[in-house]
Amino acid sequence: MSDNNPPLHSSIIALISLASGIAAKHPDMGLCQLDKLRQMGMTESQIQTVIEIARHIRDEAAQKLDSAFDEKSSLENAMEEASNNGQACCSSTASGQSCC
């Protein structure tokens, strides 16, 4: 970042922090940022827009992850059924410990 650029306004930082906290499922849930944004005069409508977008991104990411897992799981099941050898999907460590 260049030293010639002015720093981000504190309201922008609070919005980014709120949105990223929601999207990341952070346990603090952005409550501190909500208070700061209200004190700065951010409208409830603007705050709700940020919350809606963050939740959408979080939920969409979870759906895509679930879909990718389901697809991979289906492929693994199909491969296991095709092999019909009854072996587990993973091998053991050198000392014989199962990784499954």
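Q: Which residues make up the largest nonpolar core, and how many are there in all?
A: In this predicted model, the largest nonpolar core brings together Ala14, Leu15, Leu18, Ile22, Leu34, Leu37, Met42, Ile47, Val50, Ile51 and Ala54. At least two residues of this core come from each of helix H1 (10-23), helix H2 (31-39) and helix H3 (44-83). The core's total is 11 residues.

Q: Which residues does valine 50 contact, leaving aside its neighbours within four places in sequence?
A: Valine 50 is itself listed in the largest nonpolar core. With neighbours within four places in sequence left aside, the contacts of valine 50 are Leu15, Leu18 and Ala19.

Q: How many salt bridges does the structure hold?
A: Side chains of opposite charge can pair when their charged atoms come close. One salt bridge here links glutamate 44 and arginine 38. Another joins aspartate 59 to arginine 58. The number of salt bridges in the structure is 2.

Q: What is the N to O distance in the salt bridge of glutamate 44 and arginine 38?
A: Glutamate 44 has a relative accessibility of 39% and counts as partly exposed. Arginine 38 is likewise partly exposed, its relative accessible area being 39%. Their side chains meet in a salt bridge with an N to O distance of 2.6 Å.

Q: How far apart are the closest N and O atoms in the salt bridge between aspartate 59 and arginine 58?
A: Aspartate 59 is partly exposed at a relative accessible area of 36%. Arginine 58 has 22% relative accessibility; because buried means under 20%, arginine 58 counts as partly exposed. The closest N and O atoms of this salt bridge are separated by 3.0 Å.

Q: Is serine 11 buried or exposed?
A: Serine 11 belongs to helix H1. Not counting residues up to four places away in sequence, serine 11 touches Leu37, Met40 and Met42. The relative accessibility of serine 11 is 14%, and the limit for burial is under 20%, so serine 11 is buried.

Q: Which residue's side chain is joined to that of serine 11 by a polar contact of 2.7 Å?
A: Serine 11 lies in helix H1. The polar contact spans 2.7 Å between side chains, and the partner of serine 11 is histidine 9.

Q: What is the approximate phi of lysine 25?
A: Most residues other than glycine have a negative phi. Lysine 25 sits in the loop between H1 and H2, and is exposed with a relative accessible area of 59%. The phi of lysine 25 is positive, with a value near 60°.

Key. Residues are numbered from 1 along each chain as its sequence is written. This is a predicted model: local features need pLDDT of at least 70, side-chain atom pairs count only at pLDDT 80 or more; totals for chains, interfaces and linings use all residues. Side-chain values use heavy atoms; hydrogens and water are left out. A nonpolar core is a set of buried Ala, Val, Leu, Ile, Met, Phe, Trp, Tyr and Cys residues joined through side-chain atoms within 4.5 Å. Buried means under 20% relative accessible area, exposed over 50%, partly exposed in between (1.4 Å probe, protein chains only). Helices (H or I, at least four residues) and strands (E, at least two) are DSSP runs, numbered from the N terminus. Contact means heavy atoms within 4.5 Å. A salt bridge is a side-chain nitrogen of Lys or Arg within 4 Å of a carboxyl oxygen of Asp or Glu. A polar contact is a pair of N or O atoms within 3.5 Å; within protein, one must be able to donate a hydrogen and the other to accept it, and residues adjacent in sequence count only if both atoms are side-chain atoms.
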